[in-house]
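Thanks for sharing this one. Here are a few notes to read alongside the structure, set out as numbered points.

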Amino acid sequence: MSDFEFPDDLLAAEREAWAAIQAGTLTPELAGAVQDRLTAYATEARVDRYKAEMALKRTVRHPEG
């Protein structure tokens with residue numbers, strides 16, 4: 001489980017991006033939108049953006065762990 005409490009919209013955006021990556025349909029616009037939302041979250045929560053990004057990816061891509 002992550003030490004971060006990600007908002008639902010950020011989790012949904014990362015899930016959408018992960019599905020697009022797997023389907024080979026990820027667009028720069030979608031990737032940029034996720035990064036923008038992640039940056040806003042990290043700024044609001046006053047956490048390291050890179051650590052938040054790794055935790056977000058782990059949460060979405062490996063939910064069992």
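1. Let me start with E14, which sits in helix 1, the stretch covering residues 8-23. Please keep in mind that this is a predicted model. E14 has a relative accessibility of 4%, so it counts as buried, the cut-off being under 20%. Leaving aside residues up to four places away in sequence, E14 touches V34, L56, K57, V60 and R61.

2. E14 has company in helix 1: the buried residues there are L10, L11, A13, E14, A17 and A20. Some of that spacing may look familiar, because an α-helix has 3.6 residues a turn and residues three or four places apart point the same way. What covers these buried residues? Helix 2 and helix 3 are included in the cover.

3. The length of helix 1 also checks out. Its 16 residues should span 22 Å at 1.5 Å a residue, and the C-alpha atoms at its ends are 22 Å apart, so the two values agree. Just after helix 1 comes G24, with a positive phi of about 75°.

4. Now for the aromatic rings. How many aromatic pairs does a search of the whole structure find? There are two. In one of them, F4 and F6 are stacked, with 5.5 Å centre to centre and 15° between the planes. The other joins F6 to Y41: the ring centres are 5.3 Å apart and the planes are at 50°, so this pair is tilted. F6 lies in the segment before helix 1 and Y41 in helix 2, so their pair ties together parts that are 35 residues apart in sequence.

5. F4, F6 and Y41 together make one aromatic cluster. Are F6 and Y41 buried or exposed? F6 counts as buried because its relative accessibility is 10%, and Y41 is buried too, with a relative accessible area of 9%.

6. R46 deserves a look on screen. This residue is in the loop between helix 2 (28-45) and helix 3 (49-61). Its phi is near 55°, a positive value in a residue other than glycine. That is worth a note because most residues other than glycine have a negative phi. R46 counts as exposed, since its relative accessibility is 78%.

7. One last arginine to find: R49 lies over the face of Y50, at 4.4 Å from the ring centre.

Definitions and conventions
Residues numbered from 1 in each chain as written. Predicted model: local features only at pLDDT ≥ 70, side-chain atom pairs only at ≥ 80, totals over all residues. Heavy atoms only, no water. Helix = DSSP H or I, 4+ residues; strand = E, 2+ residues; numbered from the N terminus. Buried < 20%, exposed > 50% of the residue type's maximum accessible area, 1.4 Å probe, protein only. Contact = heavy atoms within 4.5 Å. Phe/Tyr/Trp six-rings, centres within 6.5 Å; stacked < 30°, edge-to-face > 60°. Lys NZ or Arg CZ within 6 Å of the ring centre and 35° of its normal. Expected span 1.5 Å × (residues − 1).
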